[in-house]
Amino acid sequence: MRSHFDEGEQGGDAQRIVMAVDVVPGPFAPEIAARLLHLIVEELRTVGADIVAVNLEIRGDMASW
């Protein structure tokens, strides 16, 4: 999968908002991350934000689950 974030700087007037959330590793981490992403995107759309790209990254050792 190719990400817009791999291309470096965003063109035009785009700004990047970065949010990090640390959770205890577990089998529901991907679902939690997806839900948080969905909530953030919907809230931004509600206030009229024009979303150019979205990237979700989960870091951690899945073997520790």
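**Reasoning through a one-helix model**

Reader: Why do you say R45 and E42 are separated by about one helical turn?

Author: Because the two residues are 3 apart in helix 1, and that spacing comes to about one helical turn. Keep in mind that this is a predicted model.

Reader: What makes the R45 and E42 pair a salt bridge?

Author: Check the distance: the closest N and O atoms of R45 and E42 are 3.3 Å apart. The cut-off is 4 Å between a side-chain nitrogen of Lys or Arg and a carboxyl oxygen of Asp or Glu. So 3.3 Å passes, and R45 with E42 counts as a salt bridge.

Reader: Why is E42 called partly exposed?

Author: Its relative accessibility is 33%. Buried would need under 20% and exposed over 50%, so a value in between gets the middle label. E42 is therefore partly exposed.

Reader: How do you know that E57 and R59 form a salt bridge too?

Author: Same kind of check: N to O is 2.7 Å for the side chains of E57 and R59. That lies within the 4 Å limit, so the pair qualifies. By this rule the count for the model comes to 2 salt bridges.

Reader: And which label does R59 get, buried or exposed?

Author: Exposed, because its relative accessible area is 71% and the label asks for over 50%.

Reader: What makes V23 eligible for the nonpolar surface patch?

Author: V23 has a relative accessible area of 44%, and patch residues need over 30% and no salt bridge. Val is also on the list of nonpolar side chains, which are joined within 5 Å. V23 is one of the residues making up a patch of about 710 Å², together with M19, V21, F28, I32, L36, L39 and I40. As for its place, V23 lies in the segment before helix 1, which spans 29–46.

Reader: Why is V54 called partly exposed?

Author: V54 has 44% relative accessibility, and the partly exposed band runs between the 20% and 50% cut-offs, so the label follows. V54 is found in the segment after helix 1. Its C-alpha atom is 8.6 Å from that of L37, and the two are 17 residues apart along the chain.

Reader: What does the chain look like overall, in secondary structure and in burial?

Author: There is 1 helix and 0 strands. Buried residues make up 8% of the 65 residues. The accessible surface is about 6,000 Å², with 54% of it belonging to carbon and sulfur atoms.

Definitions and conventions. Residues numbered from 1 in each chain as written. Predicted model: local features only at pLDDT ≥ 70, side-chain atom pairs only at ≥ 80, totals over all residues. Heavy atoms only, no water. Patch = residues over 30% accessible without salt bridge, like charges linked within 9 Å, V, L, I, M, F, W, Y side chains within 5 Å. Areas by Shrake-Rupley, 256 points an atom, 1.4 Å probe, with all protein chains shown as cover. Helix = DSSP H or I, 4+ residues; strand = E, 2+ residues; numbered from the N terminus. Buried < 20%, exposed > 50% of the residue type's maximum accessible area, 1.4 Å probe, protein only.
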